[in-house]
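Visitor: I would like to learn how to read the helices and strands of a structure. Could you take me through one?
Guide: Gladly; let us look at it together.

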Amino acid sequence: MSQERMWTDGWLKEEIDSIQPMLIEIRRRLHEHPELGTGEYETGAIIREYLDKWEIPFCYPCADTGIVAIVEGKGDGCGPLVTVGLRADMDGLPLEEDISRPYCSKNPGVMHACGHDAHMTIALGVAWILKKYEDKWKGAVKIFFQPAEETCGGAERMVEEGCMENPHVDYVLGLHMMPTYEYGEVELKYDDLNASSDEIKLVIRGKSCHGAYPDGGIDAIVEAAAVVQGLQTLVSRKTSPFQNIVLSLGTIQGGTAANVIADEVVLTGTLRTTDPETRKNAKTYISNMVQQICSAFGGDGEVVFTPGYDALINTNEIVDIVIDTVSQVLGREHIHFKPYPSLGVEDFSFFLNKAPGAFYHLGCACKEKGIDAPLHNQNFDIDERVLALGVRLQSELVMKLLQQ
(Lines give C-alpha, C1' and ligand atoms only; values in the text may rest on other atoms or scores of the structure.)
Protein backbone atom coordinates (compact mmCIF):
# COMPACT_ATOMS: atom_id res chain seq x y z
CA MET A 1 0.00 0.00 0.00
CA SER A 2 1.41 3.41 -0.96
CA GLN A 3 2.23 6.06 1.62
CA GLU A 4 -0.45 8.34 0.19
CA ARG A 5 -3.05 5.56 0.20
CA MET A 6 -2.45 4.83 3.86
CA TRP A 7 -3.49 8.38 4.66
CA THR A 8 -6.64 8.45 2.54
CA ASP A 9 -8.39 5.17 3.26
CA GLY A 10 -10.67 6.49 6.01
CA TRP A 11 -8.81 5.67 9.20
CA LEU A 12 -7.36 9.19 9.30
CA LYS A 13 -10.82 10.73 9.63
CA GLU A 14 -11.61 8.52 12.60
CA GLU A 15 -8.29 9.36 14.24
CA ILE A 16 -8.79 13.10 13.78
CA ASP A 17 -12.41 12.96 14.93
CA SER A 18 -11.16 11.37 18.14
CA ILE A 19 -8.95 14.40 18.90
CA GLN A 20 -11.66 16.97 18.20
CA PRO A 21 -12.11 17.68 21.97
CA MET A 22 -8.37 18.37 22.20
CA LEU A 23 -8.53 20.67 19.18
CA ILE A 24 -11.42 22.63 20.69
CA GLU A 25 -9.54 22.95 23.97
CA ILE A 26 -6.44 24.27 22.19
CA ARG A 27 -8.40 26.69 20.04
CA ARG A 28 -10.32 28.14 22.99
CA ARG A 29 -7.17 28.50 25.04
CA LEU A 30 -5.50 30.41 22.22
CA HIS A 31 -8.66 32.46 21.69
CA GLU A 32 -8.64 33.54 25.34
CA HIS A 33 -5.07 34.87 25.07
CA PRO A 34 -4.80 36.95 21.88
CA GLU A 35 -1.84 39.25 21.31
CA LEU A 36 -1.11 41.90 18.71
CA GLY A 37 1.54 41.47 16.02
CA THR A 38 5.18 41.21 17.20
CA GLY A 39 3.96 40.68 20.77
CA GLU A 40 2.85 37.04 20.58
CA TYR A 41 4.87 35.91 23.61
CA GLU A 42 2.16 34.04 25.54
CA THR A 43 0.82 32.60 22.29
CA GLY A 44 4.26 31.25 21.48
CA ALA A 45 4.61 29.77 24.96
CA ILE A 46 1.31 27.90 24.53
CA ILE A 47 2.43 26.53 21.16
CA ARG A 48 5.80 25.39 22.50
CA GLU A 49 4.09 23.74 25.45
CA TYR A 50 2.13 21.44 23.14
CA LEU A 51 5.12 20.75 20.87
CA ASP A 52 7.22 19.82 23.89
CA LYS A 53 4.44 17.65 25.30
CA TRP A 54 4.25 15.72 22.02
CA GLU A 55 8.05 15.39 21.90
CA ILE A 56 8.50 17.27 18.65
CA PRO A 57 12.19 18.04 19.14
CA PHE A 58 12.99 20.41 16.28
CA CYS A 59 11.56 23.76 17.31
CA TYR A 60 13.29 27.14 17.16
CA PRO A 61 12.38 30.87 17.26
CA CYS A 62 12.19 32.98 14.11
CA ALA A 63 11.31 36.65 13.56
CA ASP A 64 11.41 37.20 17.35
CA THR A 65 8.01 35.79 18.32
CA GLY A 66 7.61 33.30 15.47
CA ILE A 67 8.28 29.57 15.76
CA VAL A 68 9.49 26.98 13.28
CA ALA A 69 8.64 23.39 14.19
CA ILE A 70 9.97 20.44 12.19
CA VAL A 71 8.49 16.95 12.17
CA GLU A 72 10.56 14.28 10.43
CA GLY A 73 9.10 11.09 9.04
CA LYS A 74 10.84 7.78 9.75
CA GLY A 75 9.09 5.60 7.19
CA ASP A 76 10.68 3.60 4.41
CA GLY A 77 10.47 4.34 0.72
CA CYS A 78 12.52 5.14 -2.33
CA GLY A 79 13.03 8.48 -4.03
CA PRO A 80 14.31 11.86 -2.82
CA LEU A 81 13.24 13.34 0.49
CA VAL A 82 10.70 16.15 0.19
CA THR A 83 9.98 18.94 2.68
CA VAL A 84 6.55 20.55 2.96
CA GLY A 85 5.88 23.82 4.79
CA LEU A 86 2.65 24.70 6.59
CA ARG A 87 1.89 28.25 7.71
CA ALA A 88 -0.26 29.35 10.66
CA ASP A 89 -0.48 33.05 11.55
CA MET A 90 -0.53 33.95 15.25
CA ASP A 91 -1.59 37.55 15.90
CA GLY A 92 -4.91 39.00 17.01
CA LEU A 93 -6.65 42.29 16.28
CA PRO A 94 -7.28 45.46 18.33
CA LEU A 95 -10.97 44.73 18.98
CA GLU A 96 -13.03 44.44 22.16
CA GLU A 97 -14.80 41.08 22.23
CA ASP A 98 -18.27 40.45 23.64
CA ILE A 99 -17.55 39.18 27.15
CA SER A 100 -20.69 37.01 27.21
CA ARG A 101 -18.90 34.37 25.15
CA PRO A 102 -17.65 31.65 27.55
CA TYR A 103 -14.18 31.57 25.96
CA CYS A 104 -13.86 35.27 25.20
CA SER A 105 -10.58 37.16 25.20
CA LYS A 106 -8.98 37.76 28.58
CA ASN A 107 -6.79 40.52 27.12
CA PRO A 108 -8.88 43.73 27.01
CA GLY A 109 -8.95 45.39 23.61
CA VAL A 110 -7.45 42.42 21.75
CA MET A 111 -9.32 39.61 20.02
CA HIS A 112 -8.82 36.76 17.58
CA ALA A 113 -11.30 38.06 14.98
CA CYS A 114 -9.63 36.66 11.88
CA GLY A 115 -9.41 32.96 12.70
CA HIS A 116 -5.72 32.84 13.55
CA ASP A 117 -6.51 30.85 16.69
CA ALA A 118 -8.09 28.22 14.42
CA HIS A 119 -5.14 28.32 12.02
CA MET A 120 -2.69 27.63 14.85
CA THR A 121 -4.89 24.86 16.23
CA ILE A 122 -5.09 23.14 12.85
CA ALA A 123 -1.32 23.35 12.45
CA LEU A 124 -0.82 21.85 15.91
CA GLY A 125 -3.30 19.10 15.07
CA VAL A 126 -1.36 18.24 11.92
CA ALA A 127 1.87 18.19 13.95
CA TRP A 128 0.25 15.77 16.43
CA ILE A 129 -0.90 13.43 13.65
CA LEU A 130 2.45 13.54 11.85
CA LYS A 131 4.38 12.83 15.04
CA LYS A 132 2.15 9.98 16.17
CA TYR A 133 2.43 8.24 12.80
CA GLU A 134 5.98 9.27 11.96
CA ASP A 135 6.84 5.69 10.99
CA LYS A 136 4.24 5.78 8.18
CA TRP A 137 5.89 8.50 6.09
CA LYS A 138 9.26 9.90 5.13
CA GLY A 139 10.49 13.41 4.49
CA ALA A 140 10.01 16.49 6.64
CA VAL A 141 7.22 18.94 7.46
CA LYS A 142 8.09 22.42 8.69
CA ILE A 143 5.34 24.33 10.46
CA PHE A 144 5.65 28.11 10.48
CA PHE A 145 3.86 29.78 13.38
CA GLN A 146 4.07 33.27 11.97
CA PRO A 147 3.77 36.58 13.82
CA ALA A 148 2.38 39.91 12.64
CA GLU A 149 0.29 38.93 9.63
CA GLU A 150 -2.11 41.77 10.41
CA THR A 151 0.55 44.45 10.80
CA CYS A 152 4.12 44.50 9.51
CA GLY A 153 4.28 41.19 7.65
CA GLY A 154 5.97 38.53 9.73
CA ALA A 155 6.14 36.14 6.78
CA GLU A 156 8.74 38.25 5.00
CA ARG A 157 10.89 38.37 8.13
CA MET A 158 10.66 34.61 8.61
CA VAL A 159 11.71 34.02 5.02
CA GLU A 160 14.58 36.49 5.32
CA GLU A 161 15.77 34.69 8.46
CA GLY A 162 15.91 31.37 6.60
CA CYS A 163 12.78 29.48 7.58
CA MET A 164 12.48 28.05 4.06
CA GLU A 165 15.95 26.46 4.25
CA ASN A 166 17.74 23.75 6.27
CA PRO A 167 15.98 21.72 5.03
CA HIS A 168 14.84 23.51 1.90
CA VAL A 169 11.05 23.69 1.60
CA ASP A 170 9.82 22.16 -1.67
CA TYR A 171 6.11 22.98 -1.28
CA VAL A 172 4.15 25.27 1.01
CA LEU A 173 0.49 25.30 2.11
CA GLY A 174 -1.73 27.79 3.87
CA LEU A 175 -5.41 28.14 4.70
CA HIS A 176 -7.75 30.76 6.11
CA MET A 177 -11.12 30.77 7.82
CA MET A 178 -13.86 32.18 5.56
CA PRO A 179 -17.21 33.08 7.19
CA THR A 180 -18.86 33.80 3.85
CA TYR A 181 -19.18 29.99 3.54
CA GLU A 182 -20.67 27.42 5.88
CA TYR A 183 -18.66 24.64 7.50
CA GLY A 184 -17.88 21.94 4.93
CA GLU A 185 -17.37 24.36 2.02
CA VAL A 186 -14.00 25.27 0.50
CA GLU A 187 -13.08 28.27 -1.64
CA LEU A 188 -10.21 28.08 -4.15
CA LYS A 189 -8.70 30.12 -6.93
CA TYR A 190 -6.13 29.44 -9.58
CA ASP A 191 -3.33 31.98 -10.11
CA ASP A 192 -3.74 35.34 -8.35
CA LEU A 193 -5.70 35.22 -5.10
CA ASN A 194 -4.63 38.42 -3.30
CA ALA A 195 -3.15 41.72 -4.39
CA SER A 196 0.16 43.34 -3.61
CA SER A 197 0.15 46.63 -1.72
CA ASP A 198 2.32 49.72 -1.69
CA GLU A 199 1.90 52.79 0.47
CA ILE A 200 2.30 56.02 -1.47
CA LYS A 201 3.34 59.45 -0.24
CA LEU A 202 3.11 62.38 -2.66
CA VAL A 203 4.82 65.64 -1.72
CA ILE A 204 3.69 68.56 -3.92
CA ARG A 205 5.77 71.74 -3.60
CA GLY A 206 5.01 75.26 -4.76
CA LYS A 207 5.78 78.75 -3.51
CA SER A 208 3.95 80.54 -0.75
CA CYS A 209 2.58 84.08 -1.05
CA HIS A 210 -0.30 86.24 0.14
CA GLY A 211 -3.70 85.08 -1.05
CA ALA A 212 -4.46 88.58 -2.38
CA TYR A 213 -1.54 88.32 -4.81
CA PRO A 214 -1.58 84.73 -6.08
CA ASP A 215 0.51 85.55 -9.14
CA GLY A 216 3.50 85.95 -6.82
CA GLY A 217 3.48 82.30 -5.80
CA ILE A 218 2.94 78.75 -7.04
CA ASP A 219 -0.20 77.25 -5.55
CA ALA A 220 0.57 73.72 -4.28
CA ILE A 221 -3.13 73.08 -3.70
CA VAL A 222 -3.92 73.71 -7.36
CA GLU A 223 -0.98 71.49 -8.30
CA ALA A 224 -2.28 68.75 -6.02
CA ALA A 225 -5.78 69.01 -7.48
CA ALA A 226 -4.33 68.50 -10.97
CA VAL A 227 -2.28 65.54 -9.75
CA VAL A 228 -5.32 63.87 -8.16
CA GLN A 229 -7.29 64.31 -11.36
CA GLY A 230 -4.44 63.13 -13.56
CA LEU A 231 -3.76 60.00 -11.55
CA GLN A 232 -7.29 58.76 -12.22
CA THR A 233 -6.10 57.94 -15.73
CA LEU A 234 -3.75 55.28 -14.32
CA VAL A 235 -6.66 52.87 -14.03
CA SER A 236 -9.04 54.20 -16.67
CA ARG A 237 -6.63 54.86 -19.52
CA LYS A 238 -3.15 53.51 -18.79
CA THR A 239 -3.84 49.98 -17.51
CA SER A 240 -5.51 47.18 -19.44
CA PRO A 241 -9.08 46.52 -18.24
CA PHE A 242 -8.03 42.89 -17.90
CA GLN A 243 -5.56 43.78 -15.14
CA ASN A 244 -6.55 44.28 -11.50
CA ILE A 245 -5.43 47.59 -10.04
CA VAL A 246 -6.69 50.07 -7.45
CA LEU A 247 -5.16 53.44 -6.59
CA SER A 248 -6.71 55.04 -3.51
CA LEU A 249 -5.61 58.39 -2.11
CA GLY A 250 -6.76 58.53 1.50
CA THR A 251 -5.34 61.73 3.02
CA ILE A 252 -4.48 65.24 1.84
CA GLN A 253 -2.87 67.92 4.01
CA GLY A 254 -1.58 71.35 3.10
CA GLY A 255 -1.70 75.05 3.75
CA THR A 256 -1.31 77.18 6.85
CA ALA A 257 -3.99 79.86 6.63
CA ALA A 258 -7.05 80.80 4.59
CA ASN A 259 -5.36 83.85 3.04
CA VAL A 260 -1.97 82.25 2.27
CA ILE A 261 -1.14 80.35 -0.92
CA ALA A 262 0.10 76.91 0.19
CA ASP A 263 3.67 76.01 -0.61
CA GLU A 264 3.32 72.28 0.13
CA VAL A 265 0.66 69.61 0.02
CA VAL A 266 1.18 66.00 1.17
CA LEU A 267 -1.07 63.18 0.00
CA THR A 268 -0.98 59.53 1.06
CA GLY A 269 -2.65 56.46 -0.34
CA THR A 270 -2.22 52.88 -1.47
CA LEU A 271 -1.60 51.09 -4.74
CA ARG A 272 -2.88 47.53 -5.13
CA THR A 273 -2.24 45.20 -8.06
CA THR A 274 -2.19 41.47 -8.71
CA ASP A 275 0.48 41.40 -11.43
CA PRO A 276 4.15 42.27 -10.74
CA GLU A 277 4.63 43.93 -14.14
CA THR A 278 1.51 46.05 -13.68
CA ARG A 279 2.78 47.02 -10.24
CA LYS A 280 6.12 48.13 -11.67
CA ASN A 281 4.58 50.08 -14.56
CA ALA A 282 2.07 51.78 -12.28
CA LYS A 283 4.81 53.10 -10.02
CA THR A 284 6.68 54.53 -13.00
CA TYR A 285 3.51 56.17 -14.33
CA ILE A 286 2.65 57.72 -10.96
CA SER A 287 6.16 59.12 -10.50
CA ASN A 288 6.33 60.59 -14.00
CA MET A 289 2.86 62.14 -13.83
CA VAL A 290 3.46 63.81 -10.47
CA GLN A 291 6.77 65.27 -11.59
CA GLN A 292 5.50 66.45 -14.96
CA ILE A 293 2.27 68.03 -13.68
CA CYS A 294 4.11 69.85 -10.91
CA SER A 295 6.76 71.01 -13.34
CA ALA A 296 4.10 72.41 -15.65
CA PHE A 297 2.88 74.62 -12.79
CA GLY A 298 6.41 75.71 -11.97
CA GLY A 299 6.62 73.60 -8.85
CA ASP A 300 8.00 70.15 -8.18
CA GLY A 301 6.76 66.84 -6.83
CA GLU A 302 8.19 63.83 -5.05
CA VAL A 303 6.78 60.32 -4.78
CA VAL A 304 7.81 57.84 -2.09
CA PHE A 305 6.68 54.20 -2.32
CA THR A 306 6.81 51.98 0.74
CA PRO A 307 6.42 48.34 -0.34
CA GLY A 308 3.85 46.28 1.53
CA TYR A 309 2.95 42.68 0.74
CA ASP A 310 3.55 40.98 -2.60
CA ALA A 311 0.69 39.55 -4.62
CA LEU A 312 -0.35 36.05 -3.57
CA ILE A 313 -0.20 33.90 -6.69
CA ASN A 314 -1.09 30.23 -6.27
CA THR A 315 0.73 27.47 -8.12
CA ASN A 316 -1.93 25.92 -10.34
CA GLU A 317 -0.49 22.40 -10.13
CA ILE A 318 -0.79 22.53 -6.34
CA VAL A 319 -4.31 23.96 -6.58
CA ASP A 320 -5.17 20.86 -8.63
CA ILE A 321 -3.94 18.69 -5.76
CA VAL A 322 -6.08 20.67 -3.32
CA ILE A 323 -9.10 20.19 -5.59
CA ASP A 324 -8.46 16.44 -5.78
CA THR A 325 -8.09 16.19 -1.99
CA VAL A 326 -11.17 18.27 -1.16
CA SER A 327 -13.17 16.26 -3.70
CA GLN A 328 -12.16 13.03 -1.96
CA VAL A 329 -12.95 14.35 1.52
CA LEU A 330 -16.04 16.49 0.94
CA GLY A 331 -17.14 16.02 -2.66
CA ARG A 332 -16.51 18.24 -5.65
CA GLU A 333 -19.83 20.01 -5.14
CA HIS A 334 -18.46 21.63 -1.98
CA ILE A 335 -15.69 23.47 -3.84
CA HIS A 336 -16.32 27.10 -4.77
CA PHE A 337 -14.03 28.79 -7.26
CA LYS A 338 -13.39 32.45 -6.47
CA PRO A 339 -14.12 34.33 -9.73
CA TYR A 340 -11.92 37.35 -9.02
CA PRO A 341 -8.89 37.96 -6.82
CA SER A 342 -9.22 39.94 -3.63
CA LEU A 343 -7.56 43.35 -3.68
CA GLY A 344 -6.88 42.81 0.00
CA VAL A 345 -3.45 41.49 0.97
CA GLU A 346 -2.11 38.31 2.54
CA ASP A 347 1.57 37.88 3.41
CA PHE A 348 1.54 34.15 2.73
CA SER A 349 2.73 35.52 -0.63
CA PHE A 350 6.29 35.69 0.70
CA PHE A 351 6.35 31.93 1.28
CA LEU A 352 5.00 31.37 -2.24
CA ASN A 353 7.80 33.55 -3.61
CA LYS A 354 10.20 30.84 -2.43
CA ALA A 355 8.34 27.60 -3.18
CA PRO A 356 5.34 26.38 -5.17
CA GLY A 357 2.19 26.01 -3.13
CA ALA A 358 -1.41 26.97 -2.56
CA PHE A 359 -3.55 29.02 -0.21
CA TYR A 360 -7.24 28.22 0.19
CA HIS A 361 -10.26 29.20 2.30
CA LEU A 362 -12.24 27.01 4.68
CA GLY A 363 -15.89 27.84 5.33
CA CYS A 364 -16.37 28.35 9.07
CA ALA A 365 -19.89 29.79 9.40
CA CYS A 366 -23.01 28.13 10.79
CA LYS A 367 -26.04 30.36 10.38
CA GLU A 368 -28.17 27.88 12.31
CA LYS A 369 -26.00 28.58 15.38
CA GLY A 370 -25.75 32.31 14.66
CA ILE A 371 -22.11 32.03 13.61
CA ASP A 372 -21.92 34.25 10.54
CA ALA A 373 -20.14 37.49 11.52
CA PRO A 374 -17.50 38.68 9.02
CA LEU A 375 -13.77 38.70 9.59
CA HIS A 376 -12.35 41.58 11.65
CA ASN A 377 -15.63 41.91 13.52
CA GLN A 378 -16.05 41.74 17.31
CA ASN A 379 -18.71 39.05 16.90
CA PHE A 380 -16.59 36.78 14.70
CA ASP A 381 -16.57 33.12 15.66
CA ILE A 382 -16.21 29.73 13.98
CA ASP A 383 -18.09 26.46 13.78
CA GLU A 384 -15.48 24.43 15.63
CA ARG A 385 -16.11 21.38 13.48
CA VAL A 386 -13.84 23.15 10.99
CA LEU A 387 -10.84 22.36 13.19
CA ALA A 388 -10.93 18.61 12.53
CA LEU A 389 -11.70 19.21 8.86
CA GLY A 390 -8.72 21.53 8.53
CA VAL A 391 -6.41 18.98 10.18
CA ARG A 392 -7.61 16.26 7.82
CA LEU A 393 -7.27 18.34 4.65
CA GLN A 394 -3.82 19.64 5.57
CA SER A 395 -2.61 16.18 6.64
CA GLU A 396 -3.75 14.53 3.42
CA LEU A 397 -2.33 17.37 1.33
CA VAL A 398 1.01 17.01 3.08
CA MET A 399 1.11 13.29 2.30
CA LYS A 400 0.36 13.91 -1.35
CA LEU A 401 3.01 16.59 -1.65
CA LEU A 402 5.60 14.38 0.02
CA GLN A 403 5.09 12.01 -2.93
CA GLN A 404 5.76 14.69 -5.57
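Guide: Let us start with angles between helices: those under 35 degrees count as roughly parallel. Keep in mind that this is a predicted model.

Visitor: At what angle do α4 and α5 pack?

Guide: The angle between α4 and α5 is about 15°, and their axes lie 11 Å apart. The two helices are therefore roughly parallel to each other. As α4 passes α5, the crossing is right-handed. On the α4 side the contact is made by T43, I47, Y50 and L51, and on the α5 side by M120, L124 and A127.

Visitor: How do I read the buried side of a helix?

Guide: An α-helix has 3.6 residues a turn, so residues three or four places apart point the same way. Try helix α2, residues 11–18, whose buried residues are L12, E15 and I16. Viewed down the axis of α2, these buried residues fall within an arc of 95°, so they line one face of the helix.

Visitor: Which helices do the buried residues of α2 pack against?

Guide: They pack against α3 (20–32), α5 (116–132) and α12 (385–402).

Visitor: Now the sheet, please. What should I look for?

Guide: Strands of a sheet pair through backbone hydrogen bonds, either parallel or antiparallel. Here eight strands make an open sheet with mixed pairing, in the order β1-β2-β4-β3-β5-β16-β6-β15. Its edge strands, β1 (58–62) and β15 (335–337), each pair on one side only. On average, neighbouring strands of this sheet are turned by 25° against each other, ignoring direction.

Visitor: In which sense do β1 and β2 pair, parallel or antiparallel?

Guide: Antiparallel, over five bridges. P61 has I67 in β2 as its bridge partner. The two strands β1 and β2 form a hairpin with three residues between them, and A63 in the turn has a positive phi of about 55°. On to β2 and β4: they also pair in the antiparallel sense, over eight bridges, with G73 opposite G139 in β4.

Visitor: And where is a parallel pair?

Guide: Look at β3 (residues 83–89) and β4 (residues 138–146), which pair in the parallel sense over seven bridges. A88 has F145 in β4 as its bridge partner.

Visitor: Why is β2 described as largely enclosed?

Guide: Because seven of the nine residues of β2 are buried, the strand is largely enclosed by the rest of the structure. Helix α4 (residues 41–53) lies across β1, β2 and β4, and runs at about 15° to β2. Another helix, α12, packs on the sheet, touching β3, β4, β5, β6 and β16; its direction makes about 165° with that of β16.

Definitions and conventions:
Residues are numbered from 1 along each chain as its sequence is written. This is a predicted model: local features need pLDDT of at least 70, side-chain atom pairs count only at pLDDT 80 or more; totals for chains, interfaces and linings use all residues. Side-chain values use heavy atoms; hydrogens and water are left out. Buried means under 20% relative accessible area, exposed over 50%, partly exposed in between (1.4 Å probe, protein chains only). Helices (H or I, at least four residues) and strands (E, at least two) are DSSP runs, numbered from the N terminus. The arc is that of the directions from the helix axis to the C-beta atoms. Contact means heavy atoms within 4.5 Å. Two strands pair if DSSP finds at least two bridges between them. Axes are lines fitted to C-alpha atoms, for helices over the stretch in contact, and angles run from 0 to 180 degrees between N-to-C directions. Angles under 35 degrees count as roughly parallel, over 145 as roughly antiparallel, 65 to 115 as roughly perpendicular and the rest as oblique. A crossing is left-handed if the near helix is turned anticlockwise from the far one by less than a right angle, and right-handed if clockwise.
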